[in-house]
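This report describes how the secondary structure elements of one protein chain are arranged. Helix packing is taken up before the sheets and the overall dimensions.

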Amino acid sequence: MKPRLYAAVLAAALTLTVAGCSEKATKGEGDEKDAGGVKTGEGVTGKTITLGVLTDMTGVYASLGKSVTQAQQLWAKQTNAAGGICGRNIELTVRDHGYDPQKAVAAYTELEPEVLGFAQFIGSPFVAAVKQRIDGQDKGLVLPQAWSASLLGSPYVRVVGATYDIETINAVDYLLTRKRIAKGDRIGHVYFEGDYGENALAGSRYAAGQAGLTVVEQKIKPTDNDMSAQVAALKKAGVKAVLISAGPRQAASLVGVAAAGGFNVPVVGNNSAFAPQLLATPAGPALTKDYYVAASTLPIGAPDAGPAKLAKEYTAAYPKDGLDNGVVAGYTAANVYGEVLRKACADKDLTRAGIDKALLTLTAYDSGFGITHDFSDPAAPSTRQSLILKPDTKVPGGLKVVRPATVAKAAESFKAGG
């Protein structure tokens, strides 16, 4: 979700917004203790804890953003119905940036003084644009819906799941272990320019080097929706499999065009390269045939207790909306935030500093969705494991598990973002 073509615009927008808040009071000056002896600061009153949600409901990732946001609103409603956290109700303040760099940075600037932190921030180029400010002065915990390794290293911006480079190494391992590719083969990699695609490309290059493969690279822009030229180039190069680090539209085009041209090779996408709505398009049959997705959660249609319970509750809350993995991703991030808030409450410190300290104590957090997360090291992703999923029209959410959570040998020692 992170094309770097916006860099100049982001830099300009960031300069303006940071300048606009330069007179804001120094963090910590307003910290107080309530009647229960709990220290509080931005976004926390005696009755509420307010979290920000910066999402995309009208842009490139509109379907994902809607699912993620509604899942987090469901979590807040359930949490409040159960008595809230630390005697306070959870409030989510939502802004739709439409995957526009100026809107994203402006929305962050607007909400930051009013919230404790952010339970969602879609778009790693936008998160990266304010990362220096977050680390330097704001210091509010941000759980982005983005998995670029460029976000690692911050005590405050924490990636929930495997980063794209590690996820891609695990995807290549799946192809190798299933004997779909072998030493000496060429594999294609179609990727968005910018953090997302280029981070994933670092993973495919590393995996290829370890396995004796050659990567044939095809860089695209988020506005490129027809993959005909890329398929033609990869077919001519004789690749035996293709990786795609782009959006759902690009994945559907790639798989559909390849099938129509008789180019029958397996294709594996990163976690944001699928939407169940694609199964109802002309590309649907091709997607169910030999397309796969690497991800850090069980799919919403899995029969396991966590996904099954969430699917039932989400469907009851939003009966007109379909299920997809954005529901799991959003709910997981909200649950992590909730766990951190409870630990911070126990320590009687609901300030931003207290939240950041509490997160470091989550060393074996079971999300209930197939992965155990370790948040003790800000320089590392919370897991190195990935599940491999396959589209299936018979499953709610359109994905089923074909390989459980696994970490490839090549991914074990790989330095994410290195």
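In this predicted model, helix H3 (residues 101-111) packs against helix H4 (residues 124-138) at an angle of about 20°, and their axes are 9 Å apart. Angles under 35 degrees count as roughly parallel, and H3 and H4 are therefore roughly parallel to each other. The crossing of H3 past H4 is right-handed. On the H3 side, the contact is made by Pro-101, Ala-104, Val-105, Tyr-108 and Thr-109. These meet Phe-126, Ala-129, Val-130, Arg-133, Ile-134 and Asp-138 of H4. By class, the residues of this contact are 8 nonpolar, 1 polar and 2 charged.

Two open sheets are described next. One has 3 strands in the order S4-S3-S5, with parallel pairing. Its edge strands, S4 (89-96) and S5 (117-121), each pair on one side only. Neighbouring strands of this sheet are turned by 25° against each other on average, direction ignored. Strand S3 (residues 48-55) pairs with S4 in the parallel sense over 8 bridges, and Leu-51 stands opposite Leu-92 in S4. Helix H2 (residues 62-81) packs on this sheet and touches S3, S4 and S5. Helix H11 (residues 325-346) also lies across S3, S4 and S5.

The other sheet has 7 strands in the order S7-S6-S8-S9-S10-S14-S15, and its pairing is mixed. Strands S7 (214-220) and S15 (399-406) stand at the edges with a single partner strand each, so one side of each is left without a neighbour in the sheet. From one strand to the next, the twist averages 20°. Strand S14 (residues 386-391) and S15 pair in the antiparallel sense over 5 bridges; the bridge partner of Pro-391 in S15 is Leu-399. Helix H6 (residues 195-211) packs on this sheet, touching S6 (186-192), S7 and S8 (241-245).

The directions of the helices that pack on the sheets are listed below.

| Helix | Strands touched | Angle to strand |
|---|---|---|
| H2 (residues 62-81) | S3, S4 and S5 | about 165° with S4 |
| H11 (residues 325-346) | S3, S4 and S5 | about 165° to S5 |
| H6 (residues 195-211) | S6, S7 and S8 | about 165° with S6 |

The protein contains 13 helices and 15 strands in total. Its radius of gyration is 21 Å, close to the 22 Å that the globule rule gives for 418 residues, so the protein is as compact as a globular protein of that length. Taken along the principal axes, the C-alpha atoms fill a box of roughly 70 × 45 × 40 Å.

Notes. Residues numbered from 1 in each chain as written. Predicted model: local features only at pLDDT ≥ 70, side-chain atom pairs only at ≥ 80, totals over all residues. Heavy atoms only, no water. Pairing = 2+ DSSP bridges. Helix = DSSP H or I, 4+ residues; strand = E, 2+ residues; numbered from the N terminus. Axes fitted to C-alpha atoms, helices over the stretch in contact; angles between N-to-C directions. Contact = heavy atoms within 4.5 Å. Parallel < 35°, antiparallel > 145°, perpendicular 65-115°, else oblique. Left-handed = near helix turned anticlockwise from the far one by under 90°. Nonpolar A, V, L, I, M, F, W, Y, C, P; charged D, E, K, R; others polar. Rg over C-alpha atoms; globule rule 2.2 N^0.38 Å.
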